[in-house]
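Subject: Structure handed over, with notes

Dear colleague,

Here is the structure I promised to pass on to you, and I would be grateful if you kept it open while you read. My notes on what was found in it follow directly below.

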Amino acid sequence: MRSRTAADTRDRIVMAAKAEFAQYGIAGARVDRIAKEARTSKERVYAYFRSKEDLYAFVARQELAVVAAASRMDPTDLPGYAGRIFDFFLSHPEHHRLVSWGRLELGDNAPAPDDPLMAAVREKTEQLRKAQEDGYLDPSWDPFDVLPLVHQIATSWAAQPELAHVAKEQARTPDAAARRAAIVRAVQLVFPATTRDETASR
């Protein structure tokens, strides 16, 4: 019973921290607010996590895992992958804010060798390389360029929410479906699906 109670407390801390970091970032987040929302004490928060930065790192890893699970990459259908990323952040803008705060505030801090994000990047890069070898993706691209370019296009609206408000008023087609279609089309134009024969003829 005691371990179950401890796990419940830790889960409440993590949930409260997600909301706090998404709204205020790392520097602006306050552990006392997290503790209050989690119905526990600051001392208990620090018993589970050594520092506010350690808590953010844990929460960010969880969030990135959720994003990865919701937007599985098919290296032979990068437009579809971009569309799934768009869909996820449209429904969960707080996830994008939380991760973006870390990029802004942590800057060029090198991730740990066992960081799960780095493992995911390596896995997806190898998937892209294999798709090139199998003739489904233009081999002239470096896979390490493909991944960030697709992500940048897919998250262009999530990263600029102020433009989304303007688009609702001024775009020829103001709904989110049109923004999604534009993202899918952009990725299709940059990384069109190919067959082995088409790739070999280039």
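In helix H6, the residues that count as buried are His-95, His-96, Leu-98, Val-99, Ser-100 and Gly-102. Please keep in mind throughout that the model is a predicted one, and that the values in this message were computed from it. The 14 residues of H6 should span 20 Å at 1.5 Å a residue, and the C-alpha atoms at its two ends are indeed 20 Å apart, so the expected and the computed span agree.

Glu-105 also lies in helix H6, but it is partly exposed, because its relative accessible area is 31%, and a residue counts as buried only under 20%. If residues up to four places away in sequence are not counted, Glu-105 touches Gly-25, Ile-26 and Ala-27. Glu-105 and Ile-26 are 79 residues apart along the chain, and yet their C-alpha atoms are separated by 7.2 Å.

How does H6 sit against the helix H5? Two packed helices are described by the angle between their axes and by the distance between those axes. Helix H5, which covers residues 78-91, packs with helix H6, residues 93-106, at an angle of about 95°, and the two axes are 4 Å apart. H5 is therefore roughly perpendicular to H6, since angles of 65 to 115 degrees are described in that way. On the H5 side the contact is made by Phe-88, Phe-89, Leu-90 and Ser-91, while Pro-93, His-95 and His-96 take part from H6. Sorted by character, the residues of this contact comprise 4 nonpolar and 3 polar ones, with no charged residue among them.

Helix H4 can be read in a similar way. Its 19 residues should span 27 Å at 1.5 Å a residue, and its end C-alpha atoms are 27 Å apart, so here too the two values agree. The buried residues of H4 are Lys-52, Leu-55, Tyr-56, Phe-58, Val-59, Ala-60, Glu-63 and Val-67.

Which residues does Leu-55 contact, once its neighbours within four places in sequence are left aside? They are Ile-13, Ala-17, Phe-21, Ile-34, Val-45 and Phe-49. Leu-55, which belongs to helix H4 (residues 52-70), is buried, because its relative accessible area is 0%. The C-alpha atoms of Leu-55 and Lys-18 are separated by 9.5 Å, although these residues are 37 residues apart along the chain.

Helix H10, residues 176-190, has 15 residues and should therefore span 21 Å at 1.5 Å a residue, which agrees with the 21 Å between its end C-alpha atoms. Within H10, Ala-178, Arg-179, Ile-183 and Val-187 are buried, and the buried residues of this helix pack against H5, helix H8 (143-154) and helix H9 (161-170).

Finally, a few values describe the protein as a whole. Its secondary structure consists of 11 helices and 0 strands, and 34% of its 202 residues count as buried. Among contacts with a separation of 6 or more, 64% come from residues that are 24 or more positions apart. The protein exposes about 12200 Å², of which carbon and sulfur atoms supply 54%.

With best wishes

Notes
Residues numbered from 1 in each chain as written. Predicted model: local features only at pLDDT ≥ 70, side-chain atom pairs only at ≥ 80, totals over all residues. Heavy atoms only, no water. Buried < 20%, exposed > 50% of the residue type's maximum accessible area, 1.4 Å probe, protein only. Contact = heavy atoms within 4.5 Å. Areas by Shrake-Rupley, 256 points an atom, 1.4 Å probe, with all protein chains shown as cover. Axes fitted to C-alpha atoms, helices over the stretch in contact; angles between N-to-C directions. Parallel < 35°, antiparallel > 145°, perpendicular 65-115°, else oblique. Nonpolar A, V, L, I, M, F, W, Y, C, P; charged D, E, K, R; others polar. Expected span 1.5 Å × (residues − 1).
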